[in-house]
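Q: I should like to learn how to read the strands and helices of a protein model. May we work through an example together?

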Amino acid sequence: MINAERPTAKVAILLRTKDRPQFLQRALKSIAQQSFQDWMVAIIIDGPKAESLPSILASADSYLAGRSVILNSHREPTSGIGLLLNQGIAATNSEFLAILDDDDTWE
């Protein structure tokens, strides 16, 4: 599921998450339910805890396969979320960017 190369799509979705598996799963499902399908997602893990990530990604394999990249970030609390976004941008190769945090969903 995790693509070592930068997946190419029209839209790169930067999805920040921080040890909230139920939110991450919900956010990923909302991405998959969009009518526009030329996207890839950079899942940016904010912090060291991600024990539940493999099971969440396995359940999302049908729509994330070849369209995702996982980034582990260990930022200092004072560095701000901009650091995470910059890491996500560097890991993508898309014309457009969208930001979706794990506690948000798209209708």
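Q: In this predicted model, how many of the residues of strand 3 are buried?

A: A residue counts as buried when its relative accessible area is under 20%. In strand 3, 5 of the 6 residues are buried, so the strand is largely enclosed by the rest of the structure.

Q: To which strand is strand 3 joined, and in which direction do the two run, parallel or antiparallel?

A: Strand 3 runs parallel to strand 2, and 6 bridges join them. Within this pairing, Ile44 is opposite Leu71 of strand 3, and Ile45 is opposite Asn72.

Q: What is the order of the strands in the sheet?

A: The sheet is open and has 4 strands in the order 3-2-1-4, with parallel pairing. Strand 3 and strand 4 are at the edges with a single partner strand each, so one side of each has no neighbour in the sheet. On average, neighbouring strands are turned by 20 degrees against each other, direction ignored.

Q: Which strands does helix 4 touch?

A: Helix 4 packs on the sheet and touches strand 1, strand 2, strand 3 and strand 4. The direction of helix 4 makes about 150 degrees with that of strand 1.

Q: Which residues of helix 4 are buried, and why do they line one face?

A: An α-helix has 3.6 residues a turn, so residues three or four places apart point the same way. In helix 4, Leu84, Leu85 and Gly88 are buried. Seen down the axis, the buried residues of helix 4 fall within an arc of 95 degrees, so they line one face. The face turned away from this buried side carries the exposed residues Asn86 and Ala90.

Note on methods:
Residues numbered from 1 in each chain as written. Predicted model: local features only at pLDDT ≥ 70, side-chain atom pairs only at ≥ 80, totals over all residues. Heavy atoms only, no water. Buried < 20%, exposed > 50% of the residue type's maximum accessible area, 1.4 Å probe, protein only. Arc of directions from axis to C-beta. Pairing = 2+ DSSP bridges. Axes fitted to C-alpha atoms, helices over the stretch in contact; angles between N-to-C directions. Contact = heavy atoms within 4.5 Å.
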